[in-house]
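Me: Could you take a close look at one part of this model for me and walk me through it at an unhurried pace? I would like to know how that part is built and how it fits with the rest of the chain.

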Amino acid sequence: MSVTSVAVGTRPARWRTGLGRLVAAAALLTAVALLPWLSGNDPALTVLRARSADQDPTPAQLAAIREQLGLDQGPFTHLAHWLGGLLSGDAGTSWVSGEAVLPQVAAAFAVSLTLMLGALVVTVVVAVLVSARAFWLCSRRSHRVGGASAAAVLAALPKFLLASLLATVCGVWLGWFPSSGWEGPRSMMLPSLALGVPSGAMIGGLLSQALPAAYNEPWARTWRAYGLPADRITRHALRRASSGVLPQLLPTVVALVGGAVAVEKIFNIPGIGRLALDAAIAQDLPSLQTTTLVLVLLGITAGLLIRVLRRALLGPALRDGALPALHVPTSRRGRADRWIVVVCAAALLALVVAGLLRDPLQVDTAARLLPPSAAHPLGTDALGRDLLARLGHGAVRTVGVALAVTAVCTVTGFLLGMAAHVGAGLTEAVSTLPAVLAGLLVTAVTGPSAWGAALAVCLVGWTPYAAQAAALLEQERASGHMLASLSFGAGPGYLLRHHLLPAALPGVLRNALLRLPTTVLVLASLGFLGLGEQPPTADWGRLLSENQPYGELAPWTVLAPAGALVLLSLLAVSGTAVSRRGS
């Protein structure tokens with residue numbers, strides 16, 4: 001059996017990947033078309049209220065809207081009519097404004113795409129800064145992994161909180177950049193920073209974890225032994241390590257085109273994320289279908305470009321099955337990570353225990369927005385409720401639901417990443433869809449609830465893990481020792497236990513724990529829109545969402561839950577490092 005035949009045999013069949021893209025796009029568009037009928041509300045009433053919220057509906061008005069929009073024809077007739085119009089370049093007219101949909105979507109997409117490119121620049125810069133220490137340590141032949149703590153802290157920063165802080169300080173107080181609206185390049189600076197800093201920390205953290213393995217490959221040791229320049233070794237190590245991280249740009253950065261709804265609202269940016277959310281709430285079907293199609297096509301296009309770039313980075317070795325296996329060397333930073341785990345766990349435990357001894361629902365309007373004191377160690381919120389109590393009582397619910405959602409997303413993503421023939425196209429199609437859209441679809445069936453929001457996140461939150469698993473598994477299948485095992489007659493079970501799982505699972509788990517605070521915030525955003533956990537339930541994400549408008553007047557109201565998320569992220573990342581060394 002030749003190397004080339006094995007490598008070709010392990011490639012995902014192109015037609016199956018294309019079929020996966022087509023099936024995913026068709027399923028998403030069909031689900032969107034069913035939204036007005038699944039919600040249980042009269043679509044005519046929803047459209048009428050979107051057109052004029054103050055108008056009292058009458059049976060005659062509702063009947064006129066049903067006749068005008070053809071609601072009695074059913075969802076599939078509407079979908080077929082809309083698809084037929086697309087063939088002639090007509091996406092229909094908005095049910096709310098009566099204007100042509102395509103110009104509106106094109107303008108909003110251009111704004112969001114420009115904002116995403118600005119966030120991409122910030123992401124690259126932050127990723128370089130976060131991973132700079134890892135480069136320095138690896139160039140000195142140290143097995144320590146640098147940048148993990150910095151990545152965990154920055155990745156845990158809520159984007160909407162960072163956006164509010166930047167808008168207040170740099171926009172209002174200092175007047176450096178516009179704090180609202182979209183007037184040109186200066187208007188994209190602050191939202192690009194708000195979106196790019198956490199995303200860059202995520203990418204930089206994953207790159208820092210991959211660099212030691214790249215520097216530990218045989219070619220790197222040989223080049224050092226022959227005295228080749230360090231900068232040349234660094235360039236090739238970066239090329240090798242970034243090939244596994246590159247697919248994360250799709251769900252982390254490209255997805256910001258449709259997923260930056262909160263930041264777009266804070267800065268009053270007319271992007272496609274806001275347009276999709278407004279269309280979904282108003283059940284403006286032509287606008288919602290068109291924005292969904294644009295986002296799906298963007299995900300597929302970006303996925304194809306990333307795939308081509310990744311193959312160019314790996315070169316002929318991927319095609320010929322000659323890649324060396326990436327083995328992460330044992331780190332020497334055990335004591336520091338143990339101390340981080342101990343300190344973070346002790347701090348979180350103290351907060352939870354102290355909070356559980358207090359009443360999280362007691363309202364005291366005379367004690368609104370009080371600063372931290374002996375009576376209220378973390379201050380009070382806008383209703384006079386004790387923040388320590390709400391933080392403590394919300395800990396179990398917040399962490400429990402977030403861990404459950406992360407576990408489901410990780411398992412689903414890993415399984416789809418292993419099924420590369422189908423999973424690649426599905427991942428590209430779903431990566432750019434905002435969780436809010438999934439939340440609206442799920443809520444239409446189940447009603448608003450915490451587990452409904454969790455299900456919505458699970459429907460779209462698996463894509464980062466599927467992209468990473470597929471990339472790592474593709475590299476492992478093209479490695480020389482994998483070919484050796486095949487030549488000796490190794491079966492699927494042996495390959496799975498001794499090659500595929502050890503190569504991909506640790507990296508996917510580290511990615512999942514690094515994204516744990518993001519899961520908390522996504523769940524909170526759904527609850528804030530009335531799609532998830534409802535007040536007055538205490539939840540860390542809800543604490544951030546509820547108190548975000550008071551961040552300038554009473555910063556302690558958002559610092560406490562934000563600090564808890566940072567501690568949770570540090571605990572997860574450092575705990576993973578300790579357990580990896582212990583095993």
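Reply: **A loop, the helix after it, and their surroundings**

A good place to start is Gln283, which sits in the loop that links helix 15 to helix 16. Please keep in mind that the model is predicted. The backbone at Gln283 has a positive phi, about 55°, even though the residue is not a glycine. Is Gln283 buried or exposed? Its relative accessibility is 6%, so Gln283 counts as buried, the limit for that class being under 20%.

There is another residue of this kind a little earlier in the chain. Asn268 also has a positive phi, near 55°, and is likewise a residue other than glycine. Asn268 belongs to the loop between helix 14, residues 261-266, and helix 15, residues 272-282. Its surroundings leave more of it open to view: Asn268 has a relative accessible area of 39%, which makes it partly exposed. In this pair of loops, then, one non-glycine residue with positive phi is buried, while the other is partly exposed.

Now let us move on into helix 16. This helix covers residues 285-314, 30 residues in total. From first C-alpha to last it reaches 43 Å, close to the 44 Å expected at 1.5 Å a residue. Just after its end comes Gly315, with a positive phi of about 75°. What does a residue inside this helix touch? Take Ser287, which is placed in helix 16. With a relative accessible area of 2%, Ser287 is buried. Leaving aside residues up to four places away in sequence, Ser287 touches Ser94, Val101, Gln104 and Ala279.

For company, look at helix 8, which spans residues 159-173 and has 15 residues. At 1.5 Å a residue it should span 21 Å, and its end C-alpha atoms lie 20 Å apart, which agrees. A glycine with positive phi follows this helix as well: Gly175, with a value near 70°. The buried residues of helix 8 are Phe160, Leu161, Leu162, Ala163, Ser164, Leu166, Ala167, Thr168, Cys170 and Gly171. Leu165, also in helix 8, is exposed, at a relative accessible area of 51%. When you look down such an element, it helps to recall that an α-helix has 3.6 residues a turn, so residues three or four places apart point the same way.

Two residues of helix 8 also help to place it. Leu165 and Arg311 are separated by 146 residues in sequence and by 40 Å between their C-alpha atoms. Gly171, another member of helix 8, counts as buried at 13% relative accessibility. Its contacts, not counting residues up to four places away in sequence, are with Leu166, Phe177, Ser179 and Leu190. Gly171 and Ser187 are 16 residues apart along the chain, with 9.9 Å from C-alpha to C-alpha.

One more exposed leucine is worth a glance towards the end of the chain. Leu559 is in helix 28, residues 556-582, and its relative accessible area is 58%, so Leu559 is exposed. Its C-alpha is 19 Å from that of Ile266, with their positions 293 residues apart in sequence.

Finally, let us step back to the whole chain. How many helices and strands does it have? There are 28 helices and 0 strands. The radius of gyration is 25 Å, close to the 25 Å that the globule rule gives for 583 residues, so the chain is as compact as a globular protein of that length. Its C-alpha trace spans about 85 × 65 × 45 Å along the principal axes. Of the 583 residues, 53% count as buried. Among contacts between residues at least 6 apart in sequence, 76% join residues at least 24 apart. About 24900 Å² of the chain is exposed, with carbon and sulfur atoms supplying 67% of that area. As for charge, there are 41 positive and 26 negative side chains, and the centres of these two sets are 19 Å apart.

Technical notes: Residues are numbered from 1 along each chain as its sequence is written. This is a predicted model: local features need pLDDT of at least 70, side-chain atom pairs count only at pLDDT 80 or more; totals for chains, interfaces and linings use all residues. Side-chain values use heavy atoms; hydrogens and water are left out. Helices (H or I, at least four residues) and strands (E, at least two) are DSSP runs, numbered from the N terminus. The expected span of a helix is 1.5 Å times one less than its number of residues. The radius of gyration is taken over C-alpha atoms; the globule rule is 2.2 Å times the number of residues to the power 0.38. Buried means under 20% relative accessible area, exposed over 50%, partly exposed in between (1.4 Å probe, protein chains only). Contact means heavy atoms within 4.5 Å. Accessible areas come from the Shrake-Rupley method with a 1.4 Å probe; for residues, only the protein chains shown count as cover. Lys and Arg count as positive and Asp and Glu as negative; His and the chain ends are not counted. The place of a charge is taken as NZ of Lys, CZ of Arg, CG of Asp or CD of Glu.
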